[in-house]
Every structure is written in C-alpha cells, then in structure tokens.
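Thanks for coming. I will go through one structure today, beginning with the sheet and ending with the core. Please have a look at it first.

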Amino acid sequence: MARLDVWLWAVRIYKTRSMATNAVRGGHVRLNGDPVKPARVVKPGDRVTVKEPGWTREFEVKQLFTKRVGHSVAIEAYVDHSPERPMHLSVPMGRRDRGAGRPTKRDRRRIDHLIGRDEPGRHTIE
C-alpha cells in the first residue's frame, strides 16, 4: 500500500513530496476521476490524472513504491496515457537583452507572431 502523494513523488511525477501533497490538496490530482486527499491509498490498476498548466496527464499505476526510485525504474511503475505534450509548452522562450527595456508595440507583434498568438491577416510583420 502506498499513499497517493508518496507514490507521485516516488515515481518522479513531482520533484518533492510537499509539491505532490500540495497538488493533491489543491485539486490538481484525481484518482479514478474523483478528487481525493493526499493520504488516499493507491493500488495497481488505478488511474491518476494530473493537471498541469495547459496540459492534463494521465497515468495507470502498475507498481507501488514508498521510496523515491531512479528514473529508469520509475517509468516502469506506470503506463502513461497522456496525450502528446502541446507544442506551445515545448518551445523555448526567447530572452530580451538585459537593459533593452520594454518591448515596443512592433516588437510585441513580432513576438506574438513567432509564438503563434497573432490574429491572421490583422497586422503585417515586416
């Protein structure tokens, strides 16, 4: 038997146990579709849903751990049923030069165009 927050930490879904506990308490984690408390016991076959900004991940529990394990062991402890990671989360964000100040309206439109947030045909980018 393993607590939900401990299992999430042990299989490296969250970096620390307190982060896992706070995520469960905050309603970002569900067990078999139901909101639960951090001390809820998980068992093989359970479905754990983790909400992250812009992405919902879903895992099926295969093995139980109460101590943190290495990455190669951790990925065998669950089956990942998550959809593909959205592209906008995978794109590295650019950085402005230090001291460059706020972006101008033209700079902002170029940034929006690169990110894909611009409205087609609204503004022309030179």
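This is a predicted model. Its open sheet is made of five strands, in the order β3-β2-β5-β6-β7, with antiparallel pairing. At the edges are β3, residues 34–35, and β7, residues 78–80, and each of these pairs on one side only. As general background, strands of a sheet pair through backbone hydrogen bonds.

Let me stay with β6, which covers residues 55–61. Six bridges join β5 to β6, and the two run antiparallel. Within that pairing, V48 stands opposite F59. The hairpin of β5 and β6 has two residues between the strands, and G54 there takes a positive phi near 80°.

On its β7 side, β6 is joined by three bridges, again antiparallel. F59 has D80 as its bridge partner in β7, and E60 has V79.

Now, which side chains of β6 are buried, and which are not? W55, R57, F59 and V61 point to one face and are buried. T56, E58 and E60 point to the other face and are not buried. In a regular strand, side chains alternate between the two faces of the sheet.

Next, the core. The largest nonpolar core has 24 residues, and L8, V29 and V48 have the most contacts inside it. The elements giving two or more residues to this core are α1 (4–10), α2 (17–25), β2 (29–31), β5 (47–52) and β6. Helix α1 provides the largest share, four residues.

Last, L8. Leaving out residues up to four places away in sequence, L8 touches I13, Y14, A20, V24, V29, V48 and V50.

Conventions. Residues are numbered from 1 along each chain as its sequence is written. This is a predicted model: local features need pLDDT of at least 70, side-chain atom pairs count only at pLDDT 80 or more; totals for chains, interfaces and linings use all residues. Side-chain values use heavy atoms; hydrogens and water are left out. Two strands pair if DSSP finds at least two bridges between them. A nonpolar core is a set of buried Ala, Val, Leu, Ile, Met, Phe, Trp, Tyr and Cys residues joined through side-chain atoms within 4.5 Å. Buried means under 20% relative accessible area, exposed over 50%, partly exposed in between (1.4 Å probe, protein chains only). Contact means heavy atoms within 4.5 Å.
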